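Me: I have a protein model open with a ligand in it, and I would like to learn how to read it. Could you take me through it feature by feature?

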Amino acid sequence: MKTIKGIHELGKFILQKKEIAFIPTMGNLHDGHLALVRKARSLNKLVLVSIFVNEIQFNNAADYNSYPRTLKEDLIKLRKENVDIVFVPNKKQMNTINNFITFDLKKMQHGLCDKNRPGHFEGVISIIARFCNIIRPSYLIMGKKDYQQLFIVKKFLNEFCYPIKVLSVNTKREQSGLAMSSRNSLIAKKHLLIAPMLYQQLTYIKTNLKKMSSLSSIEKKVASELEKNGWKVEYVTIRSQKTLFIPTCNERKLVALVAAYLGKVRLIDNIEFCI
Ligand code: AMP
């Protein structure tokens, strides 16, 4: 495994190599990230993982500053997974501040994380574009855990004609059902027992939707159940997998998405299902 910090060094190295399967991460790696690495490995391409905490996708400085950084441990995990290259650039090299690569997100105002984290997806697109320009991967591997992010990145790459195939990987969970996330380490001890409730409530939607009179009645029920148990809910909503907007009456492939705070920690999760 080669750890590379500079763009020019990376450029020289990947020029001589075969097709690349690329996994962008912000580090503090867990089994969810490693599932993406394993998917990449299965393609028999050069596997390249980036670790970069992208300041411009954070909504406030405190969240950015408290984001867990564990580079040493991350590198050990990636070495065990036989990753070929880890790219660890610094902020200056990625040159993100004040230099947004713009992509019109107006058509994608789903009222989900886009609404609750203004500027977040602009920051995501900006860094993904930079990485793809530098690395020129054939495959980009991303998690369904960040469902709206996956949707928007796919759209961006498609509309800007990047010759990149996006592959998605199902959300890896703890035994309790809690979606693995770098933010889980920030959950207060007193909240650990109720954290799995997020996924339990999504499962409840999947199982009980048919019995309910409307989508909004089950969304409201779940939001109120979460609030009763100490969560601060941003959204609980059922959407079309295809558009991420409210489904039309003949759409069958749906996804329930939730974002909620447990203390100061914002967690998101989702579940796909067909009706
Ligand atoms: P992050 O480091 O949070 O930016 O995530 C990097 C990639 O890992 C994104 O494509 C995420 O969707 C994906 N990811 C994060 N958590 C999980 C999980 N629990 N299961 C599968 N993929 C995940």
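Reply: Happy to. Let's begin with accessibility: a residue counts as buried under 20% relative accessible area, as exposed over 50%, and as partly exposed in between. Keep in mind that this is a predicted model.

Me: Let me try that on Cys161. Is Cys161 buried or exposed?

Reply: Cys161 is exposed, because its relative accessible area is 65% and the cut-off for exposed is over 50%. You will find Cys161 in the loop between helix 8 (147-159) and strand 6 (165-169).

Me: What is notable about the phi of Cys161?

Reply: The general idea comes first: most residues other than glycine have a negative phi. Cys161 is not a glycine, yet its phi is positive, about 60 degrees. Asn82 is another such case, again not a glycine and with a positive phi of about 60 degrees.

Me: Where is Asn82 found, and is Asn82 buried or exposed?

Reply: Look in the loop between helix 4 (71-80) and strand 4 (85-87) for Asn82. With a relative accessible area of 52%, Asn82 is exposed.

Me: Now the ligand. Which residues come nearest to the ligand?

Reply: For this step, a residue is near a molecule if one of its heavy atoms lies within 4 Å of it. There are 16 residues around the ligand, and the nearest are Met26, His33, Asp146, Lys172 and Met180. By type, the shell holds six nonpolar, seven polar and three charged residues.

Me: Which backbone atoms should I look at, and how far are they from the ligand?

Reply: Look for pairs of N or O atoms, with a cut-off of 3.5 Å for a polar contact. Three places to look are these:
- Met180 has a backbone N or O atom 2.8 Å from a nitrogen atom of the ligand.
- Lys172 has a backbone N or O atom 2.9 Å from a nitrogen atom of the ligand.
- Gly143 has a backbone N or O atom 2.9 Å from an oxygen atom of the ligand.

Me: How much of the ligand does the protein bury?

Reply: Taken alone, the ligand exposes 490 Å², and the protein buries 93% of that. The ligand sits in the largest cavity.

Me: Which elements give two or more residues to the shell around the ligand?

Reply: Those elements are strand 2 (20-25), helix 2 (31-42) and strand 5 (139-143). Helix 2 gives the most, with three residues.

Me: How do I read a contact between two side chains? I was looking at Thr237.

Reply: Start with its place: Thr237 is in strand 7 (residues 232-240). Thr237 has a relative accessible area of 7%, so it is buried. The side chain of Thr237 makes a polar contact with the side chain of Arg239, at 2.9 Å.

Me: What can I learn from setting separation in sequence beside distance in space?

Reply: Compare the two values for one pair at a time. Val124 and Val153 are 29 residues apart in sequence, and their C-alpha atoms are 8.2 Å apart in space. Val124 is found in helix 7 (residues 120-135), and at 2% relative accessibility it counts as buried.

Me: How far apart are Val166 and Tyr139?

Reply: They are 27 residues apart in sequence and 5.8 Å apart in space, C-alpha to C-alpha. Val166 lies in strand 6 and is buried, with a relative accessible area of 17%.

Me: And how far apart are Glu19 and Lys45?

Reply: That pair is 26 residues apart in sequence, with 5.6 Å from C-alpha to C-alpha. Glu19 is in the loop between helix 1 (7-15) and strand 2. At 39% relative accessibility, Glu19 counts as partly exposed.

Me: One last pair, please: how far apart are Lys77 and Gln109?

Reply: Lys77 and Gln109 are 32 residues apart in sequence and 37 Å apart in space, C-alpha to C-alpha. Lys77 is in helix 4, and its relative accessible area of 32% makes it partly exposed.

Note on methods:
Residues numbered from 1 in each chain as written. Predicted model: local features only at pLDDT ≥ 70, side-chain atom pairs only at ≥ 80, totals over all residues. Heavy atoms only, no water. Polar contact = N/O pair within 3.5 Å; in protein donor to acceptor, adjacent residues only side chain to side chain. Areas by Shrake-Rupley, 256 points an atom, 1.4 Å probe, with all protein chains shown as cover. 1 Å grid on protein atoms, 1.4 Å probe; cavity = no way out; pocket = protein on both sides within 12 Å on 5 of 7 lines; lining within 4 Å. Sits in = over half its atoms within 2 Å of the grid points. Helix = DSSP H or I, 4+ residues; strand = E, 2+ residues; numbered from the N terminus. Nonpolar A, V, L, I, M, F, W, Y, C, P; charged D, E, K, R; others polar. Buried < 20%, exposed > 50% of the residue type's maximum accessible area, 1.4 Å probe, protein only.
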